[in-house]
Each structure stands twice: as structure tokens, then as C-alpha cells.
Amino acid sequence: MNKLLVYIVLILGFSVKGFSQLNFGIMSSNNYVGVYSYNGVTSTNAYVLRFQYSGTNLNIPYWKTSVRLLQPIISTDGTKQFPANKLAFQITNTTGQAQAPNTIPTVSQIGAPLSVSLQQGQETFLVPQSNAALKNTTPYNSYYDFQMNYNLIIEGGNYLTALQGGYTQKTYIVSLEFKAYGTNNEVLGVEQRNYTIDVFKLNNVPVENKLSIQVRSGSNALLDVKTLSDYVNGVSVIYPQGLSIIADADYQLHVKSIQANFISNTGNTLPLNTVRLDLIPASGNNANVFPVWLSAASQKIATGLQSKGSPVYYDIRYATKPNDVILIESKMEEYSTTLQYEITPQ
């Protein structure tokens, strides 16, 4: 496990006004999954997050959604605790209806992380800041219905050994709170749901895996935002072959910020989701990658096959978004945070 420092210099400023009036909740949840092997399991369509609106001129940019674990995941017999970070939310698609010419935004248009791991004791953002507005602007009353479909992934691994049942399953209750925010961080809605996980006696043999990860370049990364063009177009920096992986098993990579915000020497802060992270597989690396906006929650950024003893490489790219109001409004200082990269078996 390695840590990576990221520094950002920012200038300029203007402001925007937000709008919020929307109903938010959980449309449906299957509420249960059983775990039978060390490979873990994916609970498909575990949650459907839903926004509904009836009226005119709905336009909410920069909205967010989050999930929070309300209490530790303790087995019903009180003997074991399920690690929160082994549970991940995977967005699959969006559905719904809007009055033409308005449309329902896609996952890529939103810019939602494709996989987000749950974290004990902190709010985890499923959509840190949407790039697409919730929009249904019409001159007359109309109905807007926007749904985001999520799988719940229980990661595989040897950690399940201590959590499994014997002759009967061991049951864990996951108490979750889902929340939506508008443009100015006003709360649009909150809903709580419980999810049951049964871990049965596992039917395959755990394997000890040898994994290594190394930051080869960009351990002190710099994004320099200083010209008008930088604010209009965004800036980016690439560190070629910045990350090196050796794995004797199929693996996944996660990243999270150690701090809750970018922080300057004078104590000013910037949201972590000001910066986007992309891993770019280098030549010969056939991994799948998942771009993310930085967060204090652990997020999956890549999955790959075993490297058979040889290293594989990723270029690391950091970038800001074009016309980011947060950057434009910020004081001209140097802001930093520390990133932690993690490799685990799939």
C-alpha cells in the first residue's frame, strides 16, 4: 500500500445560484444476499435511487447523492463484525422519463464513480457532484422521474473465513442512510434501509495471494491552475507508468484521500471532487479502469488479471473540470491532500 501526495494551485472567482425542489427516495431494494464462497457475490439491482418531480422549470445542477452506514455491521449473535469497506455500490444504468426536449442523464453524463466502497463512520458519495443537471424545463406542468440502479458487491477474499457460519449461516444486518443534496448542499431527501447478508459455510478453499503496488512517478503530483484558459478548459497532468502492479491473482485497485478536503497552509479548503483521477493502462496491460472524482471514501479505479510475476504499469492522470465554479471562487493558494492506493484480490 502506497501513499501519493497531490498539490493544486488555484486562482480567480465567480458565483452561481442553486435551485432545489425535488422528492428523493429508494424506489426498490431486494434487501438480501447470501454468500457461499470466497469469491464473494454481486447482488444485482440491490437499490434503485429515485428522483421525482411534478411541475415546471426543474433545473438542479451539481446535485449529489450519498450513503452512510448508521452503525457497525455486527452479526445477529453479536460475535463478529463485517468490514464495511468490503461492500461496494456499483452503478449499472439510469432510467426514467422527462418532458422533451429534456432527457434523462446517463451514467457517463453524470460522471458517477462506477464503483464506490462503503466506509465505516463516514458519509460515502455515490455521486460526488453531478456533471449533468436534474432538468425538466417546460412552460407547463409535467412529470419527471429519474432512477439510478445499483448493484451491491460483497468482495471476495480470505477475510470471509472469520465471518462464515458453521452448520447454519451467520447473519449480518447493514443499516444504511441514503441522502440527496441540491446545488448549495441543501438536503433534498433522506431514506433509511436495512440490508441482510447471510454468510454460509464457504464451499471453496481460500488462497493466499501475493500482491504488490508501487508509485513510480508522481508521488508529489502538481496541478497548476493559473491562466484564464486553465479555468475555461480545465488542466491535467499525466505521470507515465506512474503506478506499477505485480499480482499472482486477479486484482482490483482502490484509491481514497486520507484527508476530508484539499487543505491550504492557511486552513482554507477545497472539495476533493475538484480533481478527477484516471488510470491509463500502459502497453501490454489489459486492465479495466474506472475514472473517479477524488473522495475520502475508497473507490475502485481498476481491475486486472494476474501478471504472472511480471510488473504491469498504469499512467496516472489528474485533471480539473472545465469552468469549475469552485476553482473560480477559490483563493489563490496551494492546496494538498494525501492519496492512498490499495491493491486487493478480486
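These legends accompany close-up views of a predicted model.

**View 1. A cis peptide bond joins A100 to P101.**
Let us start with the backbone. The omega angle of the bond from A100 to P101 is near 10°. To find the spot, follow the chain past β9 (87-97): P101 sits in the loop that leads from this strand to α1 (107-110).

**View 2. N57 has a positive phi without being a glycine.**
The phi angle of N57 is about 55°. This residue belongs to the loop between β4 (41-55) and β5 (58-60). Is N57 buried or exposed? With a relative accessible area of 47%, N57 falls in between and counts as partly exposed.

**View 3. N323 is another non-glycine residue with a positive phi.**
Here phi is near 50°. Look for N323 in the loop that connects β26 (312-320) with α3 (325-329). The relative accessible area of N323 is 43%, so this residue is partly exposed.

**View 4. The largest nonpolar core brings together 50 residues.**
Which members touch the most other members of this core? They are Y47, F51, F82, F89, M148, F178 and I197. Among the elements of the fold, strand β13 (residues 142-154) makes the greatest contribution to the core, giving 6 residues.

**View 5. F82 and the residues around it, with a note on another core.**
Leaving aside residues up to four places away in sequence, F82 is in contact with I73, L87, I154, Y159, L160, L163, Y172, I197 and V199. Two residues in this view, F82 and I197, are also among those that touch the most other members of the largest nonpolar core. Apart from that core lies another one, made up of 36 residues, including A287, V312, I316 and L327.

**View 6. The largest pocket holds about 620 Å³ of space.**
Its lining is formed by 24 residues, and those closest to the pocket centre are K64, Q129, P271, N273 and I326. Which elements give two or more residues to this lining? They are β11 (123-127) and α3. Helix α3 gives the most, with 3 residues. If you have just come from View 3, α3 will be familiar: the loop that holds N323 runs between β26 and this helix.

**View 7. The lining of the largest pocket mixes nonpolar, polar and charged residues.**
How many lining residues are nonpolar, polar and charged? The lining divides into 12 nonpolar, 8 polar and 4 charged residues. Keep K64, Q129, P271, N273 and I326 in sight here as well, since these are the lining residues closest to the centre of the pocket.

Key. Residues are numbered from 1 along each chain as its sequence is written. This is a predicted model: local features need pLDDT of at least 70, side-chain atom pairs count only at pLDDT 80 or more; totals for chains, interfaces and linings use all residues. Side-chain values use heavy atoms; hydrogens and water are left out. Helices (H or I, at least four residues) and strands (E, at least two) are DSSP runs, numbered from the N terminus. Buried means under 20% relative accessible area, exposed over 50%, partly exposed in between (1.4 Å probe, protein chains only). A nonpolar core is a set of buried Ala, Val, Leu, Ile, Met, Phe, Trp, Tyr and Cys residues joined through side-chain atoms within 4.5 Å. Contact means heavy atoms within 4.5 Å. On a 1 Å grid over the protein atoms alone, a cavity is a set of points where a 1.4 Å probe fits but cannot get out, and a pocket is an open set with protein on both sides within 12 Å along at least five of seven lines; lining residues have an atom within 4 Å of a point. Grid points are joined across faces, edges and corners, and a volume is the space filled by probe spheres set on the points. Ala, Val, Leu, Ile, Met, Phe, Trp, Tyr, Cys and Pro count as nonpolar, Asp, Glu, Lys and Arg as charged, and the others, Gly among them, as polar.
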